[in-house]
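Thanks for making time this morning. I would like to walk you through one chain, beginning with a single pairing and working outwards, so please have the sequence and the model open.

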Amino acid sequence: PNPNLRPEKSRTFELGARGQHGALQWLATAFTGRYRDFIEDQVAVGGTGTVADPLTFQSVKRGRVRLNGFELEGRWALSPATTLRASYGQTEGRDTVLNQPLNSVNPERLVLGLDHRLQQWTLGARLTHTGAKEPGDIDRSNFAQQFAPPSWTTLDLSASWQINRSTRLSAALQNLSNEKYWQWSNVQGLPGNSAVLDAFTAPGRSLALALVTTF
């Protein structure tokens, strides 16, 4: 806990546009913000990530922070039954008092998805690419040897069956290529030479099943 936090204040500006051109729908958003007493959550403040010395996290106050970014989304109906979806987002954050980047900002992310409907069935595929956490985007004030995860790409396949009006059975084969990767949010405070680095990887190839019914 951190009892010394004060409410944050901000001035933000966001500009967005959307449109439709035949079967193509798109949305674009850009934003910028200036913050005082910015509250950054889940900041690693101690520990090495081992059982004997677990990582310690805390919400901390930043004097002044600048956030800039943009998001793009698109949806293209290839046919009445087939839809292609795409999204891309990128954010940059900086502590302007310390002139250091914000570690809570995630790397850029691109998602491509394809859905095809066959009566009561829906088949889908999703490709996710997350960029590397560049060394220049990491504040190493507390952890000089902070691990910087490389970029990664995963492919997920899914299928769902609408059994009746209220019940749906779905299955998803996730990380089809069994990619070994790290989510940036899971390795903050972890040194690159850590002996337990592999313990923080995301799940490999896996199968998820779900039966959902509504009342």
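Let me begin with one pair of residues: Trp161 has Leu169 as its bridge partner in E9. What you are looking at is a predicted model, and I would ask you to keep that in mind throughout. The strands E8 and E9 pair in the antiparallel sense, over 6 bridges, and the two of them form a hairpin with 4 residues between them.

On its other pairing, E8, which covers residues 152-162, is joined to strand E7, residues 121-130, by 10 bridges, and these two strands also run antiparallel. If you would like a place to find that pairing on the screen, look for Thr130, which stands opposite Trp152 in E8.

Now let me stay with E9 for a moment, and with Leu173, which lies in that strand, residues 167-174. Is Leu173 buried, partly exposed or exposed? Its relative accessibility is 28%, and because buried would require a value under 20%, Leu173 counts as partly exposed. Leaving aside residues up to four places away in sequence, Leu173 touches Leu155, Asp156 and Leu157, and also Arg205, Ser206 and Leu207. With Ser206 the separation in sequence is 33 residues, while the C-alpha atoms are 5.9 Å apart in space.

That brings me to the interior. In soluble globular proteins, nonpolar side chains tend to be buried together. Here the largest nonpolar core has 7 residues, namely Ile138, Phe147, Trp182, Trp184, Val187, Leu190 and Leu197. Apart from that core lies another, of 6 residues, among them Tyr35, Phe38, Leu102 and Val105. Coming back to Ile138, and again not counting residues up to four places away in sequence, its contacts are Pro101, Asn103, Lys133, Gln146, Ala148 and Trp184.

Finally, let me step back to the chain as a whole. It contains 1 helix and 10 strands, and from the N terminus the order is β-β-β-β-β-β-β-β-β-α-β. Of its 215 residues, 27% count as buried, and among the contacts with a separation of 6 or more, 58% come from residues 24 or more positions apart. The accessible surface is about 13,500 Å², with 55% of it belonging to carbon and sulfur atoms. As for charge, there are 22 positive and 18 negative charges, and their mean positions are 6 Å apart.

Definitions and conventions: Residues are numbered from 1 along each chain as its sequence is written. This is a predicted model: local features need pLDDT of at least 70, side-chain atom pairs count only at pLDDT 80 or more; totals for chains, interfaces and linings use all residues. Side-chain values use heavy atoms; hydrogens and water are left out. Buried means under 20% relative accessible area, exposed over 50%, partly exposed in between (1.4 Å probe, protein chains only). Contact means heavy atoms within 4.5 Å. Accessible areas come from the Shrake-Rupley method with a 1.4 Å probe; for residues, only the protein chains shown count as cover. Lys and Arg count as positive and Asp and Glu as negative; His and the chain ends are not counted. The place of a charge is taken as NZ of Lys, CZ of Arg, CG of Asp or CD of Glu. A nonpolar core is a set of buried Ala, Val, Leu, Ile, Met, Phe, Trp, Tyr and Cys residues joined through side-chain atoms within 4.5 Å. Two strands pair if DSSP finds at least two bridges between them.
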